[in-house]
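I sat down with a new structure today and kept notes as I went. Here is what I looked up, in the order I looked.

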Amino acid sequence: IKRCVRLVLMVSSGARVTIDRDYTMFVHLIAPGGKVVTQYDGMPRKNQMPTNMWKPGLSMADSILLSTEPLLPGSGYKLEFGWYDANTQERLHIVDANGQSIADAITVETFSVIE
């Protein structure tokens, strides 16, 4: 029997302004050393809620399932989450409270995998 690891993420997203295009969400599970172990790319709610349909003030939760071969125990794993335009591959920028761009993804810094 082949074993695999399933990681379920709950993601909450929302819009402050009207969005004029469809963005694709990405989630990467990154191993120590920087290799992407597995990833998810898709529009919210299993492609049923494209971002151009979002209204300002709308907030929604989405579940993401990442599956991979068993991970080696250890520390240094990361999750990376963000949005991009599938037509241009350009990522949306994350801004701070002053409107300054600080990154193009949210990173859940290191966590450990135990047996």
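The entries below go from the overall fold to the sheet, the core and the aromatic rings.

**Entry 1: overall fold**

I am working with a predicted model here. I began by asking how many helices and strands the protein chain has. I found one helix and eight strands. Reading along the sequence, I wrote down the pattern β-β-β-α-β-β-β-β-β. The C-alpha trace spans about 45 × 35 × 25 Å along its principal axes.

I then looked at burial and surface. The protein chain has 115 residues, and buried ones make up 32% of them. For the accessible surface I got about 7,800 Å², with 53% of it belonging to carbon and sulfur atoms. I also checked the contacts with a separation of 6 or more: residues 24 or more positions apart account for 70% of them.

**Entry 2: the open sheet**

Next I wanted to know in which order the strands of the open sheet lie. The sheet has four strands in the order β3-β2-β5-β8, and the pairing is antiparallel. Its edge strands are β3 (36-42) and β8 (106-113), each pairing on one side only. From one strand to the next, the twist averages 15°.

I took a closer look at β5 and β8. These two run antiparallel and are joined by six bridges. I looked up tyrosine 77 as well, and its bridge partner in β8 is phenylalanine 111.

**Entry 3: the nonpolar core**

Which residues touch the most other members of the largest nonpolar core? In this core of 20 residues, I noted Leu9, Val27, Ile64 and Leu66. The elements giving two or more residues to the core are β1 (5-14), β2, β4 and β5. The largest share comes from β5, with four residues.

I picked isoleucine 64 and listed its contacts, leaving aside neighbours within four places in sequence. Isoleucine 64 is in contact with Leu7, Val8, Leu9 and Val11, and also with Met25, Val27 and Tyr40.

**Entry 4: aromatic pairs**

I searched the whole structure for aromatic pairs and got four. I wrote up two of them.

The first I wrote up is phenylalanine 26 with tyrosine 84. Their ring centres are 6.1 Å apart and the planes meet at 45°, so I logged the pair as tilted; the tilted class sits between the cut-offs of 30 and 60 degrees. Phenylalanine 26 belongs to strand β2 (residues 24-30) and tyrosine 84 to strand β5 (residues 74-84), so this pair links distant parts of the chain, 58 residues apart. Are these two buried or exposed? Phenylalanine 26 is buried, at 1% relative accessible area. Tyrosine 84 also counts as buried, at 13% relative accessibility, because the cut-off is under 20%.

The other pair is tryptophan 54 with tryptophan 83. I noted 5.7 Å between the ring centres and 90° between the planes, so this pair is edge-to-face. Tryptophan 54 lies in the loop between α1 (44-47) and β4 (59-68), while tryptophan 83 is in strand β5, so the pair ties together parts 29 residues apart in sequence. Tryptophan 54 and tryptophan 83 are both buried.

My last lookup was which residues form an aromatic cluster. Trp54, Phe81 and Trp83 form one.

How values were computed
Residues numbered from 1 in each chain as written. Predicted model: local features only at pLDDT ≥ 70, side-chain atom pairs only at ≥ 80, totals over all residues. Heavy atoms only, no water. Phe/Tyr/Trp six-rings, centres within 6.5 Å; stacked < 30°, edge-to-face > 60°. Buried < 20%, exposed > 50% of the residue type's maximum accessible area, 1.4 Å probe, protein only. Core = buried A, V, L, I, M, F, W, Y, C linked by side-chain atoms within 4.5 Å. Contact = heavy atoms within 4.5 Å. Pairing = 2+ DSSP bridges. Axes fitted to C-alpha atoms, helices over the stretch in contact; angles between N-to-C directions. Areas by Shrake-Rupley, 256 points an atom, 1.4 Å probe, with all protein chains shown as cover.
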